[in-house]
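Here is a short briefing on one protein chain. Follow it with the structure open beside you.

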Amino acid sequence: MSPQPSGNAPANKLPNTESAADKEIKGAVVDFAISKTIGESAVKTRNYSEAAKSYEKSIELMEQLLAKLPAEQAAPIRVQLEATRAKMHAELAGAAAATNSST
């Protein structure tokens, strides 16, 4: 016999058990990804000042999130964030150097 749905939950759907903290984390990650993507697009169009602003905004968004998390939960994310920051700075430096050498 198959289980019957309870309450107002439609059949074949589980009730939403996502916490407010989980929603905040997901929102911050989405905002980070959007801002990072804008920065990557700006690099491709050689708008380096816009890329730098977008990259810094994306890092700031994640740092704000990490400040709200317990240290043990934030630590591995912080390591990844620092690697991402280094990659962003290297990308900007490399793009600027390539532009300067071609002029």
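The buried residues of α1 are a short list: Ala28, Phe32, Ser35, Gly39, Ala42 and Val43. Keep in mind that this is a predicted model. Helix α1 covers residues 20-44, and most of the points below concern this helix and what follows it.

**Helix α1: length and ends**

- Helix α1 has 25 residues. At 1.5 Å a residue, they should span 36 Å. The C-alpha atoms at the two ends are 36 Å apart, so the model agrees with the expected span.
- Which residue caps the N-terminal end of α1? Ser19 does. One of its side-chain oxygens lies 3.1 Å from the backbone nitrogen of Asp22.
- After α1 comes Arg46, a residue with a positive phi.

**How α1 packs against α2**

- Two packed helices are described by the angle between their axes and the distance between those axes.
- For α1 and α2, the angle is about 165° and the axes are 7 Å apart. Helix α2 spans residues 48-68.
- Angles over 145 degrees count as roughly antiparallel. The helices α1 and α2 are therefore roughly antiparallel to each other.
- The crossing of α1 past α2 is left-handed.
- What kinds of residues form the contact of α1 with α2? There are 14 nonpolar residues, four polar ones and seven charged ones.

**The loop between α1 and α2**

- Arg46 is found in the loop between α1 and α2. Asn47 lies in that loop too.
- Most residues other than glycine have a negative phi. Arg46 is not a glycine, yet its phi is positive, near 65°.
- Is Arg46 buried or exposed? Arg46 has a relative accessible area of 58%. The cut-off for exposed is over 50%, so Arg46 is exposed.
- Asn47 has a relative accessible area of 34%. That value falls between the cut-offs of 20% and 50%, so Asn47 is partly exposed.
- Asn47 and Ala96 are 49 residues apart in sequence. In space, their C-alpha atoms are 10.0 Å apart.

**The whole protein**

- The protein has three helices and zero strands. From the N terminus on, its elements run α-α-α.
- How much of the protein is buried? Of its 103 residues, 21% count as buried.

Conventions:
Residues are numbered from 1 along each chain as its sequence is written. This is a predicted model: local features need pLDDT of at least 70, side-chain atom pairs count only at pLDDT 80 or more; totals for chains, interfaces and linings use all residues. Side-chain values use heavy atoms; hydrogens and water are left out. Helices (H or I, at least four residues) and strands (E, at least two) are DSSP runs, numbered from the N terminus. The expected span of a helix is 1.5 Å times one less than its number of residues. Buried means under 20% relative accessible area, exposed over 50%, partly exposed in between (1.4 Å probe, protein chains only). A polar contact is a pair of N or O atoms within 3.5 Å; within protein, one must be able to donate a hydrogen and the other to accept it, and residues adjacent in sequence count only if both atoms are side-chain atoms. Axes are lines fitted to C-alpha atoms, for helices over the stretch in contact, and angles run from 0 to 180 degrees between N-to-C directions. Angles under 35 degrees count as roughly parallel, over 145 as roughly antiparallel, 65 to 115 as roughly perpendicular and the rest as oblique. A crossing is left-handed if the near helix is turned anticlockwise from the far one by less than a right angle, and right-handed if clockwise. Ala, Val, Leu, Ile, Met, Phe, Trp, Tyr, Cys and Pro count as nonpolar, Asp, Glu, Lys and Arg as charged, and the others, Gly among them, as polar.
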